[in-house]
Amino acid sequence: MKKYILKRLLLSIVILFFVTLIIYTLIRCLPTSYIENIARQKSMQPGSKSFEEWMEQLSAMYNLDTGILTGFFRWWGQMLRGNFGDSWVYTIPVTEEFNKTIWLSFVMGLITMFFEIIIAVPLGIISATKQYSKTDYTISVIALAGISLPTFFFASLLKLLFSVKLGWFDLFGLVGRNYEQLDSFGQFMDKAHHLVLPCVTLIVISIGGLMRYTRTNMLEVLNSDYIRTARAKGLSERKVVFHHAFRNTLIPLVTIIGGSLPGLFSGALITETLYAIPGIGYASYKAMVGGDIPFSMFYLTFLAILTLLGNLIADILYAVVDPRVRIS
Amino acid sequence: MSDEIRKDVQEAAETAEPAENKEPQYSLNDDRRVKVLSPGAMVAKRFFRNRIAMVGLVILIFMFAFSFIGGIISPYKQDQRFYRTDSLSKEYCSAIENKEFRYAQAPDQDFSSIIQAQMVLATQQGVTEFSFKGVDYVMEPVGDDFYIVKLANGTEIGLAFKNVFSESDPSFKADYEFLREALTADATGESSFTANGESYSLDENGIVMQGSREVGYISRYVVQPLMSDVFLTRDFKEQLLEALETGDNDFFFKDPDGVESEYKIEYNAASQKYTIKQSRESQVYDTYASPSKEHWLGTDRNGMDMLTRLMYGGRVSLIIGFIVEFIANFIGVIMGGISGYFGGWVDMLIMRIVDIFYCIPSTPILIILGAAMDAQMVDPTVRMVYLMLILGFLSWPGVARMIRGQILSLREQEFMVATEATGIKVSRRIFRHLVPNVIPLLIVSASMGIGGTIIMEATLSFLGLGVKFPFASWGNIINDVNNTFVLTNYWFIWIPAGVLLLGTVLAFNLVGDGLRDAFDPRMKR
């Protein structure tokens, strides 16, 4: 087991190396509009150097005057020391901006995941046990509708209904107008209040996938031989479903949920942007649109690490949870 | 095979009508056979029985008809702009009614303001003679509110009048004699007069002409333009003065360019001033028009027909969905097929490449590329092609992984051993025997994948980083909702596009789901 994990970790690092190489090459090949903008602004000033001279100086300043490969290895060297450079848009170290925004995203992810599980798993199981019934069809269609809903459209609908028509929530932002006047509990409640709509959006969008996954796996289990044996023994349906079937359905569920744990940190790029919630997703969206190379590199690498970690956790959990699986 | 025949015969025997009371015939003639469905027909039958999938199929057919046929039927073009005439009312000129006497002093005479005041007193008392400081004055009435003031000895010292002469031509200076003759002519209703040896004509509205040159006008009203670039023409003044005399509130006037505008006269009692407002019909883009007979879903922010834009937007969204899915599946099948069939180091290599691509976060990459293309101002058409290529290239690893898994299990089956034993070429073995067995899975994943692609494209376009104006796409139509005013007031701008988007993606998912059930009968209990 230890050997397996070690091997996977090493492989992950190799993959990460190539992923970052591709991302770095891609970003470096793009026009660095951020630097160009600054150079243009500076050269506009009276008595200033020409645009080309500014470009040269700024490129040197931002380490963009090297070749792509040299720059990449330099970036890796810095990264291994935990130094991701300074963000251009936020003008503070990347890790500092990351620290400021990540926890909000994490909290949002946690809330979303909690509700996602307690809603999706029971519905998926009900749907599977009553296959081809009206309940099943309804749940399946709702799940598919959830998957098919474009985030931005759903968010706009929620805003129209709850913010504009009913006036229960603000359209944008994390804090209200009188946030500074509130005591600490009031501030907490204010933030929680502003997080309701984004979380609802995330939950509704993500429920469908887990629900269908639960249903498919439950159906597979219900069709297996040991369930037939359990029924043949004359066990009550209740016992069959909850004692024999559900426990076996938990194997893939635990695996996939475990695998999505790192994803809690990835932030919801689209949703956060729509509601202007200052989480890691919104911060990186602004950075990416602004051509902030250090922050974009950091965020993309971070996401790649999360994906690799998720896969690793899922595979390990699969072996741990299911005694039938043995890693060779 | 023998099993199947036996079953056929049995079923034939069972269905034979007992009334004939004959020995059941055991023959294999075609007419005696019970139809056995081919696997494809079985799948189709199962699929068409699935009601939810059928709903999805109907929605899809509707969407295709709406996007591809609708665009042809629609009387409008995708980028045709509509105008509406809007009447803009602006203050054009002002007119002040002169209620006080105005005076003109004869050359070399004394007609000072004290004498003027005495004269006003005399008019109020209704007398025509007054004296001041021992000098007697005579007021000789010429017409209404027009007096020529003389000394008792007959020497003219000045004029007092209420109808004012205003110069139209700045180079013309009205001197005393001119004023006297002009005002007299005006008061007595004559149409011509001579002053300083020049002859002038005077029309009924008080416009004074020297030959064909307009020098000024005589009126109770003083008209002044309120806008700097306005020159009040003679015709206009004539009409305005006429309207003022008759007390009309509005009149129409056709300017020399032939544009007829309506002018409204407003009287401000506080300043005792008439303000003439010109309401000109001007053409503006018919933006955010509400749904009407001509535009069933109104018009968008550029004044384009919403329904037509939705149709063309559907085209873009669907075409992008299909092309992207085609690219992804094309690369995915080849890579997955090679990887699964050959195994060994080829498999190892390809799977690591897949792993690497799997780790590249696609949404951020697309946003970065979109922003970069924004900075480069890439042509919208080229941009759309790039978008398709990038989306396709980012989503092939999933397909490759799936195909590889499927081929790995198929490779071990007997029919593949048979192809190997009969010595069929490798390429034929892969593409003739393996790939067709993968196709059901591919169709299912592709139909669900198209839905995902359409959402992805719409999201990018919504953020302004995907399909760009002048092309319509459902995403960039909804983009308008970023404007809170549109979100609040113009439901018809964004709700229809969202519903179409949701419907299409849902339909693709429903059909994909139905196809999976149809292809995989094991899921039935």
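The questions and answers below deal with two sheets and one chain contact in a predicted model.

Student: In what order do the strands of the open sheet that contains β1 of chain B stand?

Tutor: This sheet is built from five strands of chain B, and their pairing is antiparallel. From one strand to the next, the twist averages 30°. The order is β12-β1-β15-β14-β13.

Student: Why is one side of β12 and of β13 of chain B left without a neighbour in that sheet?

Tutor: β12 (221-225) and β13 (250-254) of chain B stand at the edges of the sheet. One side of each is free because each has a single partner strand.

Student: Which residue is the bridge partner of F252(B) in β14(B)?

Tutor: β13(B) pairs with β14 (residues 260-268) of chain B in the antiparallel sense, over five bridges. In β14(B), the residue bridged to F252(B) is E262(B).

Student: At what angle does helix α6 of chain B run to β13(B)?

Tutor: Helix α6 covers residues 234-246 of chain B and lies across β1, β12, β13, β14 and β15 of that chain. Helix α6(B) also lies across β10 and β11 of chain B, where the angle to β11(B) is about 15°. To β13(B), the angle is about 165°.

Student: Which strands are the edge strands of the sheet β7-β11-β10-β9-β8 of chain B?

Tutor: That sheet is open, has five strands and is paired in the antiparallel sense. An edge strand here pairs on one side only. The two are β7 (164-167) and β8 (192-195) of chain B.

Student: Which residue of β9(B) stands opposite A195(B)?

Tutor: β8(B) and β9 (residues 198-202) of chain B form an antiparallel pair over four bridges. The residue of β9(B) opposite A195(B) is E198(B).

Student: What area is buried between chain B and chain A?

Tutor: The contact involves 46 residues of chain B and 52 residues of chain A. Carbon and sulfur atoms give 78% of the buried area. The area is about 4,300 Å².

Student: Which side chains meet in the salt bridge between chain B and chain A?

Tutor: The count of salt bridges between these chains is one. Its N to O distance is 3.1 Å, under the 4 Å cut-off. The side chains are those of D513(B) and R212(A).

Student: Which element gives the largest share of the side of chain B that touches chain A?

Tutor: The elements that give two or more residues to this side are α8, α9, α12, α14 and α15 of chain B. The largest share is 12 residues, and it comes from α15(B).

Conventions
Residues numbered from 1 in each chain as written. Chains lettered and ligands numbered in written order. Predicted model: local features only at pLDDT ≥ 70, side-chain atom pairs only at ≥ 80, totals over all residues. Heavy atoms only, no water. Pairing = 2+ DSSP bridges. Axes fitted to C-alpha atoms, helices over the stretch in contact; angles between N-to-C directions. Contact = heavy atoms within 4.5 Å. Buried area = accessible area lost by both parts, 1.4 Å probe.
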